[in-house]
Structure formats: structure tokens, C-alpha cells
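Please read the following report with the sequence and the structure in view. The text moves from individual loop residues to a sheet, its helices and the surroundings of a ligand.

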Amino acid sequence: MRASRYMLFLYAAMIGTPVLLYIRIFSLAGGMLLLSTILLALAAIGLVVFGILGYMEIYSGRRPEKMPLDIPVHYAPARHEGRFEGEGRSVTLRVARFDTESKMMKEKEYCVRADRLTTVLGALLAIKENDDPTLAMRYSCRMGICGSCGMVINGKPALACETNVFDSISNGKIMVEPMYGHPLTRDLVTDFDDFFEKHVSVNPGLYRKNGAEKYAAKKPYDQSRKEIDKFLPYSYCIMCGLCLDACPVVNANPNFAGPQALSQAYRYHADSRDQMGDKRLFDIDTVDGVWGCEFAGACSKVCPKGVDPAAAIQLLKGELFKKVATDEKEG
Ligand code: SF4
Ligand code: FES
């Protein structure tokens, strides 16, 4: 008997038992006593037996029948290691590689086996492990936290560890390239010095007039829900650089501070604990600061943390307009 049928019998017994109970009660008055007692007893036994079998079916059915313990090394490591479905599927990755002889980028094709949990990072690691150990990429956490594995996947900046291979296939292939908006180091690795310089240039930190107070505060810096909500969405930035890569202005003008730095300027400006005043605001009141933004919105679209740098920049512009209006009023 197949396991799924147990549930049908269980349901039949669940409905049958009260019906037979009624028959049993009525038969007390009018004969058929023995027959109704036997039927009721059978239904009750069925309820218990199929109840147990049904319970076993539900709880055993949730586990995969075979848990492969010896995963062949040529499989791409899935995000949750140890869980592969069947034999997996073969996927082709076209990876941009730096050719040391011609000093040019060249595309190289690799084939890996993957299952529904395999990420692009997992597939790249499988290539590195089995086909070409010289493939260079940057990664650390494998869970969308460290922001190290940003690259361009099928033309879109994305975190490789957060991108499923089967969601990325286009024309039967997955194209993987280094980010365009950062100088190239090698293969899929780009240089972030410029990115961090821009980040530091907006004074990203909480400033107190009394510097020592931060380390010996007399009381907690209490904030209302409203005060927290003002900056909280912008504090989720993991500094992956994807927004900078997607920004058409940064790609055309490398001096533009860019969405990441500017969103962090707003994050600290909007924090009620910060006492820097307008200095941070005035530092970015330039054509390479907030006024460089053309509101393309690509930065917010690619951000894996939902930071919305485009909105932060418009809020900064609003703050500057408010400042000008107040200054004019005060004469
Ligand atoms: S704002 Fe978003 S896309 Fe830009 S660096 Fe931060 S987390 Fe990455
Ligand atoms: S490896 Fe850390 S975000 Fe992808």
C-alpha cells in the first residue's frame, strides 16, 4: 500500500466513527446491536491505525528519501551544503578573465553541474576548484552580508552569493564580468580604494561636540521611533559597491561622490545623535556632490539591501534648499 493512501483511510475513519456512533446509539432502541458494535469497533481501530500511519507519512515525507553524504567534488557547492536534488543540471558560465599575455579581458566558457540552490558564487567556486584554480574573485560570507562578491551577472551588478544560477541564465548561458565602475585588479576582482575614499570623504560617523563623551557617556542616547526611522533604512548599507557600479553618472564622471557615499552622508546627517551640524551638508553641496546626481535611480534598483540611495540624495538636496531658505529669512 502506498503511504499517501493512509491519509484517505484516516479521513474515512474520522468521518465514519461519529456516524457509526449515532447508529450505535439508535440501535440501542431498535435491534442490530451486535452489528453496530462491531462496525463502531472497526472504525475506532481504523482511526487509531491510520492516524499513526498518516502521522508517520507526514513527518517522514518531509525528509528527502536519500540524503547524499558523499557529494562528488565536481558539483558546485550549493548555498546550503549537503542538499542536492537528483543529479543536478549542467549550466554554462562565460567568465571574463584577464589574459596576462595580451593584457586584455577575454571570455572563457566553463560548464558546472548545479541544483536549484546553487548560486553564481557556488558555480564559480566549483570552477576554481575543478577547472581553473587561477580564477580570481572576492568573497567571504557567502550570505549577502560582507558585500565582497559584487560582480556583473548578465549585465546587471549583483552579489554572486545572492544570485541563483537558474535565475540568471539568458540564452542558455550566464555571463559573469567584473564590475565596470571600479578599476580592474584581475578577473572578477576590482579595486575599491576609490570607493572607500569617497565613503570616508562624507564623514561617515557620529560626531559629538565633546569627542570624549562618546566613550564615557553619562546616559544613553535615547531616540524616539520617529528619529530612528529617519536614518535606519540608510544604515543597512554593506558597502558592496553595486550602486556605484550601476550609476551612469559615476561611470561618466569618476569624480562624482556616488550613491553609496551620499546615502551615508544622509544616514549620519539624519541621525539625531550626530552633532556635526551643517558641515557634512556643505561638503557635498557641489557639482561632484549631490548636484551631480541626475536621478537615474539605477543605484536603488540594484541595491541588495534596499537602501535606496537615490531617495537619500534627493533628501539631501531638500535639506540644502531648506538651509538656503532659512538663511535668506534670517537675512
Ligand atoms: S547602498 Fe546598497 S548597493 Fe550601494 S554599497 Fe550600500 S548596500 Fe551596496
Ligand atoms: S560573499 Fe559576502 S556578500 Fe557575497
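F295 counts as exposed because it has 12 C-beta neighbours inside 10 Å, and a residue with 12 or fewer such neighbours is placed in that class. The model discussed here is predicted. F295 lies in the loop between α10 (279-283) and α11 (298-302). Although F295 is not a glycine, its phi is positive, at about 55 degrees.

N203 also has a positive phi, near 55 degrees, and is likewise a residue other than glycine. The loop that holds N203 runs between α5 (193-201) and α6 (225-231). N203 has 18 C-beta neighbours inside 10 Å and therefore counts as partly exposed. A further positive phi, near 55 degrees, belongs to K103 in the hairpin of β1 and β2.

**The protein as a whole**

The protein contains 12 helices and 7 strands. Of its 331 residues, 33% are buried. Among the contacts with a separation of 6 or more, 67% are between residues 24 or more positions apart.

**The sheet**

How many strands form the open sheet, and in what order do they stand? The sheet has 5 strands, arranged as β2-β1-β5-β3-β4, and its pairing is mixed. At the edges are β2 and β4 (156-159), each of which pairs on one side only. From one strand to the next, the twist averages 35 degrees.

Helix α3 (residues 120-130) packs on this sheet and touches β1, β2, β3 (150-153) and β5 (173-177). The direction of α3 makes about 100 degrees with that of β2.

In general, the strands of a sheet pair through backbone hydrogen bonds, in either a parallel or an antiparallel sense. Both senses occur around β1: strand β1 (residues 89-99) runs antiparallel to strand β2 (residues 104-114), with 11 bridges joining them, whereas β1 and β5 pair in the parallel sense over 4 bridges. The hairpin of β1 and β2 has 4 residues between its strands. The table lists residue pairs that link β1 to the strands beside it.

| Residue | Partner | Strand of the partner |
|---|---|---|
| V91 | V112 | β2 |
| R97 | K106 | β2 |
| F98 | M105 | β2 |
| T92 | K173 | β5 |

As a general rule, side chains in a regular strand alternate between the two faces of the sheet.

**Helix α3**

Is α3 enclosed or open to the outside? Helix α3 is largely enclosed by the rest of the structure, because 8 of its 11 residues are buried. These buried residues are V120, L121, G122, A123, L124, L125, A126 and I127. They pack against β1, β2, β3, α4 (165-168) and β5. It holds in general that an α-helix has 3.6 residues a turn, so residues three or four places apart point the same way.

**Helix α9 and ligand 1**

In α9, burial extends to 12 of the 12 residues, and the helix is described as mostly covered. Among its buried residues are G258, P259, Q260, Y266, R267 and H269.

The length of α9 can be tested by a short calculation. The expected span of a helix is 1.5 Å times one less than its number of residues. The 12 residues of α9 should therefore span 16 Å, and the computed distance of 17 Å between its end C-alpha atoms agrees with this.

Which residues are closest to ligand 1? They are C237, C240, C243, C303 and V307, within a shell of 15 residues that surround the ligand. Both α7 (242-246) and α9 (258-269) supply at least two residues of this shell. The largest share, 3 residues, comes from α9. Sorted by class, the shell around ligand 1 has 11 nonpolar, 3 polar and 1 charged residues.

**Summary**

In this predicted model, α3 packs on an open sheet of 5 strands with mixed pairing. Helix α9 is mostly covered and provides the largest share of the shell around ligand 1. Of the two loop residues described at the start, F295 counts as exposed and N203 as partly exposed.

Definitions and conventions:
Residues numbered from 1 in each chain as written. Chains lettered and ligands numbered in written order. Predicted model: local features only at pLDDT ≥ 70, side-chain atom pairs only at ≥ 80, totals over all residues. Near = placed C-beta within 6 Å. Nonpolar A, V, L, I, M, F, W, Y, C, P; charged D, E, K, R; others polar. Buried ≥ 20, exposed ≤ 12 C-beta atoms within 10 Å, placed from the backbone. Contact = placed C-beta atoms within 7 Å. Pairing = 2+ DSSP bridges. Axes fitted to C-alpha atoms, helices over the stretch in contact; angles between N-to-C directions.
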